Amino acid sequence: MPYLTAAVVLVGALSALNLVLALGMVKRLREHSGLLTGRRGAPSADLEVGTRIAEFETVTEAGEPLTRASLTEDVLVAFFSPGCAPCVEKLPALVAHTRSRPGGRRGVLAVVVGEPGEAAAFAAPLRPVAQVVVEEPNGALSRAFGVHSYPTLLRIGPDAEGRPVVTSNAVDLKRPTAMAA
């Protein structure tokens with residue numbers, strides 16, 4: 001009988017240890033998922049890297065014409081909507097990120113999509129650090145880039161033929177601009 005008691009105690013102890021280890025792994029996986037989401041996040045757009053930008057014509061708030069042909073260098077493109085809580089949350093990070101970005105305003109295009117009154121107020125902090133376009137839903141830039149969700153942050157640059165393509169669809173605003181890719 002002592003052997004049977006010892007076996008039951010041993011099986012019980014191993015089961016308890018297994019339960020503790022399994023709970024520890026679940027906790028660790030949740031932390032790991034949170035870190036990955038917070039650090040890089042999922043791609044913010046359905047656009048894949050290498051996607052060509054369609055033709056478009058629009059005008060910035062400063063009255064400057066903007067076309068696909070004018071996007072000849074590395075440009076950070078941000079699509080925001082005033083009624084979007086994550087957009088409101090990311091706006092200060094975008095402004096801080098773009099202040100130290102090489103190329104100044106010419107290297108950043110901010111597209112604010114929404115009703116003109118709300119969108120203009122939302123665009124105010126972006127004006128000093130970016131070229132700003134305010135457009136209604138399904139506007140020229142939204143169609144050209146194929147953006148339907150907000151916020152969407154992209155890096156675009158010229159391909160081998162000189163046409164703008166998506167070079168990154170998961171822009172990390174927390175990384176310093178000198179290291180950003």
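**Close-up views of a predicted model**

**View A. Asn-138 sits in the loop between β5 (131-135) and α4.** This is a predicted model, so please read each view as a prediction. Take a look at the backbone here: Asn-138 has a positive phi of about 65°. That angle comes without a glycine, since the residue is an asparagine.

**View B. A cis peptide bond joins Tyr-150 to Pro-151.** Omega for this bond is near -10°. If you follow the chain to Pro-151, you will find this proline in the loop that runs between α4 (140-145) and β6 (152-158).

**View C. Four leucines make a nonpolar patch on the surface.** The members are Leu-10, Leu-14, Leu-17 and Leu-21, and the patch covers about 400 Å². Leu-10 is a handy one to start from: this residue belongs to helix α1, which spans residues 2-39. Is Leu-10 buried or exposed? Leu-10 counts as exposed because its relative accessibility is 52%, and the cut-off for exposed is over 50%.

**View D. Cys-84 and Cys-87 are both buried.** Cys-84 has 12% relative accessibility, while Cys-87 has 0%. Both count as buried because that class takes in residues under 20% relative accessible area. How many disulfides does the structure hold? The number is zero. As a reminder for the bench, a disulfide is a covalent bond that links the sulfur atoms of two cysteines. With zero disulfides in the structure, neither Cys-84 nor Cys-87 is part of such a bond in this model.

Definitions and conventions. Residues numbered from 1 in each chain as written. Predicted model: local features only at pLDDT ≥ 70, side-chain atom pairs only at ≥ 80, totals over all residues. Heavy atoms only, no water. Patch = residues over 30% accessible without salt bridge, like charges linked within 9 Å, V, L, I, M, F, W, Y side chains within 5 Å. Areas by Shrake-Rupley, 256 points an atom, 1.4 Å probe, with all protein chains shown as cover. Salt bridge = Lys/Arg side-chain N within 4 Å of Asp/Glu carboxyl O. Helix = DSSP H or I, 4+ residues; strand = E, 2+ residues; numbered from the N terminus. Buried < 20%, exposed > 50% of the residue type's maximum accessible area, 1.4 Å probe, protein only. Disulfide = S-S within 2.5 Å.
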